[in-house]
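Work through the exercises below with the model open beside you. Try each task before you read its solution.

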Amino acid sequence: MKPTAPGLYVHVPFCTVRCSYCDFHVAGYRAAVAERYVDALLEELAALEGEGFRPRTIFIGGGTPSVLPPDAWGRLLRFLGRAFGGDDLEEWTVEANPGTIDREKAEIAREAGVDRISTGAQTFSAEGLQVLGREHGPEVVAGAHALLREAGFERLSLDLIIGWPGQTAAAVDEDLRRVREIDPGHVSLYHLSYEEGTALDRQRRAGRVEPLPDPEVITLARRALSGLREAGYARYEVSNLCRSGEESLHNLNYWLRGGYRGVGSGAANFAGGARWRNLADVGAYIRAGGRPERVDVEEIGAVGALEERLFLSLRLERGLDIAEFEERAGASLSAICGDAIDELVGDGLLVRGTDSLRATERGFEVLDAVILKLWDGCDWEEARIDGDTGPDDASPAGASPRLDR
Amino acid sequence: MSDATPPIPQERIRNFSIIAHIDHGKSTLADRLLLRTGTITEREFRNQMLDEMDLEQERGITIKAKAVRMIHTAEDGLTYQLNLIDTPGHVDFNYEVSRSLAACQGALLVVDAAQGIEAQTVANAFLAIEHDLEIIPVLNKIDLPAARPDEVKEELQSTFGFRPGESIAASAKTGVGTDEILETVVTLVPPPTGARDVPLRASIIDSHYDTYRGVIVYVCVKEGRLRAGDEILFMQKQSKHLVDEVGIFSPGMKPVDALEAGEVGYIVASIKTIHDVSIGDTVTTRVAGATEPLPGFKNPQPMVFCGMYPADNTDFESLRSALERLWLNDSSFTFQPETSDALGFGFRCGFLGLLHMEITQERIERESGLDLVQTAPTVTYEILRKDGELFKIESPADLPDAMHIEEIREPMVTANLIVPSEFIGATMRLMEEKRGDLQKTEYLSPTRVQLTYEAPLQEIIIDFYDKLKSSTRGYGTLDYQFSRYRKGDLVKLNILVGGDPVDALSIMVHRSVSDRRGRQMLRRLKKVIPQHLFQIPLQAAIGAKVIARMNIGALSKNVTAKCYGGDISRKRKLLEKQKEGKKRMKQVGRVNIPQDAFMAVLRLDDEGE
């Protein structure tokens, strides 16, 4: 069977402590549950392998995948390596939290074929780590990266959160200094958001933490961005920067609207014109033995596919490929949303070149509103809908973005 | 069917009403009287007490209790017919109150023994005095720990001249004083006069629309006799109807053979719309009828207008039918289509006053389920053109070009405010701000003062009650009555959002306060209009002259950083939701204005000034 979904996401929902800002599908870590969860994962993965699915990228995320005990960690990674580690595989990332990765797990990963590790540093400020509810101290991150390098990992990524309550320009500078010191190839720079139901949001409502005003967050974000650029990183997506050639192919596939399969409790899937999720329930997932219930199944439809393409591609520095979009839409971009584009260009939020439509620096700062405006201004009557709604094959599935650059 | 009770001679009929300030216990006392006379059961009494807060229920009671007949055996051993005629509790319905009072010979003036005399107590009492009614003061809620009967008696004496011994101490809640009230009604209130063997003259005191039976007309027969089968004539309307049924309320509708002079009841006569019935009109028989109508008829005119628009423009027709339904039951409310650049298609609605407007809006929203956008209430202005033409406008949008205007006249009211004396200063400052002229200061008691002002109605309908309450820690009460149109230095204040004038935000203001009003409105708008992707200039202008300006800064940050795998679906749903939200906003130029902005600008708080 021809593989239609080039990305594979594996969800490991366990954490020892939930971070105050986190609203992901996460469960408290218990070794026995984790073991049985991995059993179920292997069954679901085996089924996928049986379908003939061969991913070009694998991403194990969480939760905290690295919290798995060495045995379960080993079983999962070795299975993935054996089943999917062939020539098709171009990138294999595992998320690791600085405090939970050790030499043994690093070596297991390396041997299985993992070639990229993403670590959640978030900040190097002790105060910031406390506000964010992170377990690790500021010193642990550098140690973890050193350990991973020693184990042979060359592709390392580090997450930073910008705009936490109390963050100062000096704290941003300190984070930048540490990043330069650790020197990962890839940095994600996320704005803190106060998601409903999180501890941080409750603290905000109770007045125990005071969010930084938006203009201050933007000032800090600009400082971080320019610091990272000075250090040789270039932004390729609204919140991701890297050194040349270090893009996360797995995540790039999402922005390019490539297909992917998700394995594990709560994992999202996009294949054959539909998006769906596995039911987010660790217990049910284990009991289902790798055949989880599919929920939120959604046929995207032809218009939906074009809308998604529009909003996903604008997250990228390279923006929307106009010619390709127009070919898919069967109409000119101007006919579909020319007025909204003109307005946004006039406001300095988008740039329209001959080949692409891209967000400006300022546009990236208010990207959600830009996308909403554009989306709202679309008139799909103009489009010739040809019924092609599946994953767009200009993703890493087709031409490799690595060669693309 | 016929009335089971034996006929009661006219000299043993007592027509009376209960007048009170809102919340002083009028409806509970009415229910207590109905219970005591066996007109309702203990269980019905309890249910009504329990549900009193519910507007629907209140409305039910009002209809039912509009003119209830009670049969009561007094201490003299004789049976009396007591007709309790309800009056609307608010000044907006002043004319209806006066029509109801015209059907009575007596009134229970209910005063909360803890609160004392309030503005509506005074207004209603003077109306009753004007109608020459026998007034029986009742100190209600005497069971409350905070009751201060002696002071309130003193207020009653200094305000109306009642001697302390004349007041009845009562508690509608516990039943204390009920017998004394009934006995006093029997002994003090005179029976109605009016011959029975003369041509019919009955006064219409109210009406309501019944889906099955058409309009139910409430009448008080002044002279003659009204029977089923009579062919009747409404003397003002000049419309003729055949009476299908006459009856009384006790408290449900109960057919009787005839309504005799002095009696109160209803007529069913296949009348299709309430607009065929005018309150205050005189009913007579078509054949051998009266030649002169009863005095005092008036056509109440709406004084307060506002625009009502469906939040979603596709709901225009639904709004129209909701308004039509309401109109069936409310003859004093008017509406006609109007168009606004900002709000699209809607209606200009007229009301008797602020409360009437609020009740009506609430009812439309509740009964139709429609989401409404409402514009600033405005009064009717009289415009005298240079060419001598005099006309009224109901919307600032209808104001002619300044060059054609000789003068603009605004409606003035006489406003009575009753406040604890410690708040005189605060109240006077408020009234000064509201362009009021103090006309009279009267001490009702050493601690309570009545201030009488002449003030523009426009100032009273915007943001006044709240301010009065906050200036007097909730103790101040207000009552007002239209007095006259007065020439004023009035201007139309236009609001520009993003450089575009927003017609629905225009208001008429006095030139002396236009700067302040302009700034207040802009400050409000700044609060309610969300940040956009660009800076939005806000301006207040009179003609071409900008008198205030302010900016809403561009959105500084709006980006969801993480958007992994499954988040794509979530993100899309979020976008769709936001898009829906945007649809409910009104677009002016490039700016989306939330619907509540149109009303919010009126809450002219002085924060930040």
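**Exercise 1. Cis peptide bonds**

Task: Find where Gly63(A) is located in chain A, and give the geometry of the peptide bond from Gly62(A) to Gly63(A).

Solution. Start with the place. Gly63(A) is in the loop that runs between strand E4 (57-62) and helix H2 (70-84) of chain A. Now take the bond. From Gly62(A) to Gly63(A) the peptide bond is cis, and omega is near 20°. This is a predicted model, so read every value as computed from it.

Then turn to chain B. The bond from Ser250(B) to Pro251(B) is cis, with omega near -10°. Pro251(B) belongs to the loop between strand E12 (245-249) and strand E13 (253-256) of chain B.

**Exercise 2. Positive phi**

Task: For Asp183(A), state phi, the place in the chain and the exposure class. Repeat for Asp132(B), with its phi, place and class.

Solution. Step one is Asp183(A). Its phi is positive, about 60°, although the residue is not a glycine. Asp183(A) sits in the loop between helix H6 (169-182) and E8 of chain A. Its relative accessibility is 36%, so Asp183(A) counts as partly exposed.

Step two is Asp132(B). Here phi is near 65°, again a positive value in a residue other than glycine. Asp132(B) lies in the loop between helix H5 (119-130) and strand E5 (134-140) of chain B. Relative accessibility is 69%, so Asp132(B) counts as exposed.

**Exercise 3. Aromatic rings**

Task: How many aromatic pairs does a search of the whole structure find? Classify the pair Phe14(A) and Tyr37(A).

Solution. The search finds 21 aromatic pairs over all chains. For Phe14(A) and Tyr37(A), the ring centres are 5.2 Å apart and the planes stand at 85°, so the pair is edge-to-face. The cut-off used here is planes over 60 degrees apart. This pair links distant parts of the chain: Phe14(A) is in strand E2 (residues 14-15) and Tyr37(A) in helix H1 (residues 31-50) of chain A, 23 residues apart. Phe14(A) and Tyr37(A) are both buried.

Try a second pair. Tyr254(A) and Tyr260(A) have ring centres 4.7 Å apart and planes at 80°, so this pair is edge-to-face. Tyr254(A) has 2% relative accessibility and counts as buried. Tyr260(A), at 1%, also counts as buried.

Rings can also meet charges. The charged end of Arg243(A) sits over the ring of Tyr233(A), 4.3 Å from the ring centre. In chain B, Arg590(B) lies over the face of Phe534(B), 3.9 Å from the ring centre.

**Exercise 4. The largest cavity**

Task: What is the volume of the largest cavity, and which element gives the largest share of its lining?

Solution. First, count. The whole structure holds nine cavities of 30 Å³ or more. The largest cavity has a volume of about 180 Å³.

Next, list the lining. There are 15 lining residues, and His191(A), Ala221(A), Leu225(A), Arg235(A) and Val238(A) lie nearest the centre. Strand E8 (186-191), helix H8 (214-230) and helix H14 (361-365) of chain A each give two or more residues. The largest share, four residues, comes from H8(A).

Then sort by class. The lining has nine nonpolar, two polar and four charged residues.

Last, place the cavity. Domain 1 (7-255) and domain 2 (316-382) of chain A both give residues to the lining, so the largest cavity lies between them.

Notes:
Residues numbered from 1 in each chain as written. Chains lettered and ligands numbered in written order. Predicted model: local features only at pLDDT ≥ 70, side-chain atom pairs only at ≥ 80, totals over all residues. Heavy atoms only, no water. Phe/Tyr/Trp six-rings, centres within 6.5 Å; stacked < 30°, edge-to-face > 60°. Buried < 20%, exposed > 50% of the residue type's maximum accessible area, 1.4 Å probe, protein only. Lys NZ or Arg CZ within 6 Å of the ring centre and 35° of its normal. 1 Å grid on protein atoms, 1.4 Å probe; cavity = no way out; pocket = protein on both sides within 12 Å on 5 of 7 lines; lining within 4 Å. Points joined across faces, edges and corners; volume = space filled by probe spheres on them. Nonpolar A, V, L, I, M, F, W, Y, C, P; charged D, E, K, R; others polar. Domains from an automatic or database assignment.
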